Amino acid sequence: MPNSLFIRTGVAIIELDRIRKISRNPKFLSKYFSADELRFIVKHVMSPSLIAENYCAKVAFAKAIGTGTRIVPPIDVTVLRDRLGSPFIITSGRAQMLTERENYVYSISVSHSRKYAIANVTLYKK
């Protein structure tokens, strides 16, 4: 990212077994995931690894901007994939207000194994 200043990074990791259990709860899904994400998740047959990656991305984003999930609710951060499968973030609400006010841009990386999912968000300032 030319002409950008590195600010900070956020990382999150979670066990897939925890997500398998909690993703059966509709309250969890509606609290953490936007309508666009839920459509994407359902399209991918409620994949625990996908749910875990998106969950981690939201937590990592909140850590990177320094607010935690109390100030920026997870539903204000939508994580989708482009046609090649690369994740990207769309912000709304408080998350959008903060990123616009501070001129933040970010990059995201997600991954999973048989037992864990992880996400990393790196924050830059324009």
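Phe 33, leaving aside neighbours within four places in sequence, is in contact with Phe 28, Leu 38, Ile 41, Ile 51, Asn 54, Tyr 55, Lys 58 and Ile 75. The model described here is predicted. Within it, Phe 33 belongs to the largest nonpolar core, a group of 35 residues. The points below treat this core, a buried arginine, a surface patch, the salt bridges and some individual residues.

**The nonpolar core**

- Phe 28, Phe 33 and Tyr 55 are the members of the largest nonpolar core that touch the most other members.
- Helix H4, which covers residues 48-65, gives the most to this core, contributing 11 residues.
- In soluble globular proteins, nonpolar side chains tend to be buried together.
- Two of these residues also meet Phe 33 directly, since both Phe 28 and Tyr 55 appear among the contacts of Phe 33.
- The contacts of Phe 33 also include Asn 54 and Lys 58.

**Arg 81, a buried arginine**

- Arg 81 is located in strand S2, which spans residues 77-81.
- Arg 81 counts as buried because its relative accessibility is 13%, and the limit for buried is under 20%.
- Not counting residues up to four places away in sequence, Arg 81 touches Phe 40, Leu 50, Glu 53, Asn 54, Ser 86, Pro 87, Phe 88 and Val 110.
- With two of these residues the side chain of Arg 81 makes polar contacts: one with the side chain of Glu 53 at 2.9 Å, and one with the side chain of Asn 54 at 2.8 Å.
- Asn 54 is also in contact with Phe 33.
- Between the C-alpha atoms of Arg 81 and Ser 109 the separation is 11 Å, although the two residues are 28 residues apart along the chain.

**A nonpolar patch on the surface**

- Val 11, Ile 13, Tyr 116 and Ile 118 form a nonpolar patch on the surface, and their accessible area together is about 360 Å².
- Strand S1 (5-15) and strand S5 (116-125) are the elements that give two or more residues to this nonpolar patch.
- Ile 118, one of the patch residues, lies in strand S5.
- Ile 118 is partly exposed, because its relative accessible area is 36% and partly exposed residues fall between the 20% and 50% limits.

**Salt bridges**

- The structure contains six salt bridges.
- Side chains of opposite charge can pair when their charged atoms come close.
- One of the salt bridges joins Arg 20 to Asp 17, with the closest N and O atoms 2.8 Å apart.
- Arg 20 and Asp 17 are separated by about one helical turn, because they stand three residues apart in helix H1 (residues 16-22).
- Arg 20 counts as partly exposed, at 33% relative accessibility.
- Arg 101, Glu 102 and Lys 125 are linked in a network of salt bridges.
- In this network, the side chains of Arg 101 and Glu 102 meet at 3.2 Å, N to O, and the side chains of Glu 102 and Lys 125 meet at 3.3 Å, N to O.
- The pair of Glu 102 and Lys 125 links distant parts of the chain, with Glu 102 in helix H6 (residues 93-102) and Lys 125 in strand S5, 23 residues apart.
- Arg 101 is exposed at 52% relative accessibility, whereas Glu 102 is partly exposed at 22% and Lys 125 is partly exposed at 29%.

**Residues with positive phi**

- Most residues other than glycine have a negative phi.
- Val 45, a residue other than glycine, has a positive phi near 55 degrees.
- Val 45 is found in the loop between helix H3 (35-43) and H4, and it counts as exposed at 72% relative accessibility.
- Asn 103 is not a glycine either, yet its phi is positive, at about 55 degrees.
- Asn 103 is found in the loop between H6 and strand S4 (104-112), and it counts as partly exposed at 40% relative accessibility.

**Thr 99 in helix H6**

- Thr 99 has its place in helix H6 and is buried, with a relative accessible area of 6%.
- Leaving aside neighbours within four places in sequence, Thr 99 is in contact with Phe 61, Thr 91, Tyr 104 and Tyr 106.

Notes: Residues numbered from 1 in each chain as written. Predicted model: local features only at pLDDT ≥ 70, side-chain atom pairs only at ≥ 80, totals over all residues. Heavy atoms only, no water. Core = buried A, V, L, I, M, F, W, Y, C linked by side-chain atoms within 4.5 Å. Buried < 20%, exposed > 50% of the residue type's maximum accessible area, 1.4 Å probe, protein only. Helix = DSSP H or I, 4+ residues; strand = E, 2+ residues; numbered from the N terminus. Contact = heavy atoms within 4.5 Å. Polar contact = N/O pair within 3.5 Å; in protein donor to acceptor, adjacent residues only side chain to side chain. Patch = residues over 30% accessible without salt bridge, like charges linked within 9 Å, V, L, I, M, F, W, Y side chains within 5 Å. Areas by Shrake-Rupley, 256 points an atom, 1.4 Å probe, with all protein chains shown as cover. Salt bridge = Lys/Arg side-chain N within 4 Å of Asp/Glu carboxyl O.
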